[in-house]
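These exercises concern how helices pack. Each task is followed by a solution in steps.

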Amino acid sequence: MKLTGKQKGVLVIFAAAFVIMIISFIPWEDLGVDLFNPGFDPDGNSWSSFLTGVPLGWWYFQEATTWFLLLAIIIGVVGGLSEREIVDEFMAGAGDMMSVVMVIALARGVSVLMSETGLSMYVLAAASSALAGTSGVVFSIGSYLLYFLLSFLIPSTSGMAGVSMPIMGPLAQQLGFSPSVMVMVFCAASGVVNLITPTSGAIMGGLALSRIEYSTWVKFCTKIILVMSVACMIILTIAFMVVPA
């Protein structure tokens with residue numbers, strides 16, 4: 001089957017929508033590019049601000065929402081849909097997203113609850129006390145497992161770094177290990193856990209959109225997670241032994 005002219009037009013518009021969205025989120029001024037925003041002032045006077053009222057490179061969620069709503073209408077018109085069909089298709093798409101929204105909200109709620117109740121701080125304090133005075137092998141493996149657990153409790157990497165590093169960094173230095181390797185432990189454990197944690201909105205939202213059960217995903221990636229974790233612990237143990245404090 002060959003695409004019709006309307007279908008080709010819809011695909012072109014659809015691709016252009018994402019290209020412009022990507023361009024709009026890149027901070028061009030910070031990169032020294034003044035193409036989309038020459039002489040920008042607080043009133044939004046720029047040739048590229050006619051789309052959403054904000055120049056390309058300054059967009060955020062509100063502008064992206066406006067852009068996709070506008071393109072949805074344009075695609076409906078180009079595709080030959082009637083007014084009622086455009087509204088029905090839009091509502092059907094929004095309905096598919098509601099389950100994703102609920103999953104993301106629930107995942108965020110769990111992480112906020114654990115943070116507000118102090119559960120994450122309790123685990124961190126208890127684990128750091130247990131690791132004090134241990135050898136390099138035990139400390140590297142124990143700190144990795146600690147960050148593996150904390151990544152479930154605190155899915156925000158910046159939040160976990162702010163909570164844990166003031167404790168784990170000085171602890172590593174006190175035991176004669178390099179604090180920089182502790183940063184490697186944090187990055188390694190957080191990166192692995194973010195592939196599977198149910199408190200991550202990105203993971204749960206992506207699975208909901210893909211219509212994949214969380215249990216199915218866990219069964220698929222468990223072996224991969226184990227292999228990556230063992231490899232990380234071996235590398236980190238060597239780093240603790242080799243990198244000077």
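**Exercise 1.** Which residues in H5 meet which residues in H9?

Solution. The model is predicted, local features need pLDDT of at least 70, side-chain atom pairs count only at pLDDT 80 or more, and totals for chains, interfaces and linings use all residues. Residues are numbered from 1 along each chain as its sequence is written, and side-chain values use heavy atoms, with hydrogens and water left out.

Step 1. On the H5 side (helices are DSSP runs of H or I, at least four residues, numbered from the N terminus), the residues are Gly136, Val137, Phe139, Ser140, Ile141, Ser143, Tyr144, Leu145 and Phe148. They meet Ile225, Ser229, Cys232, Met233, Leu236, Thr237, Phe240 and Met241 in H9.

Step 2. By class, the residues of this contact of H5 with H9 are 12 nonpolar, five polar and no charged.

**Exercise 2.** Describe how the axes of H5 and H9 cross.

Solution. Step 1. H5 spans residues 136-153 and H9 residues 214-242; their axes come within 9 Å and cross at roughly 135°.

Step 2. H5 is therefore oblique to H9 (angles under 35 degrees count as roughly parallel, over 145 as roughly antiparallel, 65 to 115 as roughly perpendicular and the rest as oblique).

**Exercise 3.** At what angle do H5 and H7 pack, and how far apart are their axes?

Solution. Step 1. The angle between H5 and H7 (residues 179-193) is about 45°, and their axes are 8 Å apart.

Step 2. This makes H5 oblique to H7.

Step 3. H5 contributes residues including Tyr147, Ser151 and Phe152 to the contact (heavy atoms within 4.5 Å), and H7 residues including Met182, Val185 and Phe186.

How values were computed
Axes are lines fitted to C-alpha atoms, for helices over the stretch in contact, and angles run from 0 to 180 degrees between N-to-C directions. Helices (H or I, at least four residues) and strands (E, at least two) are DSSP runs, numbered from the N terminus. Ala, Val, Leu, Ile, Met, Phe, Trp, Tyr, Cys and Pro count as nonpolar, Asp, Glu, Lys and Arg as charged, and the others, Gly among them, as polar.
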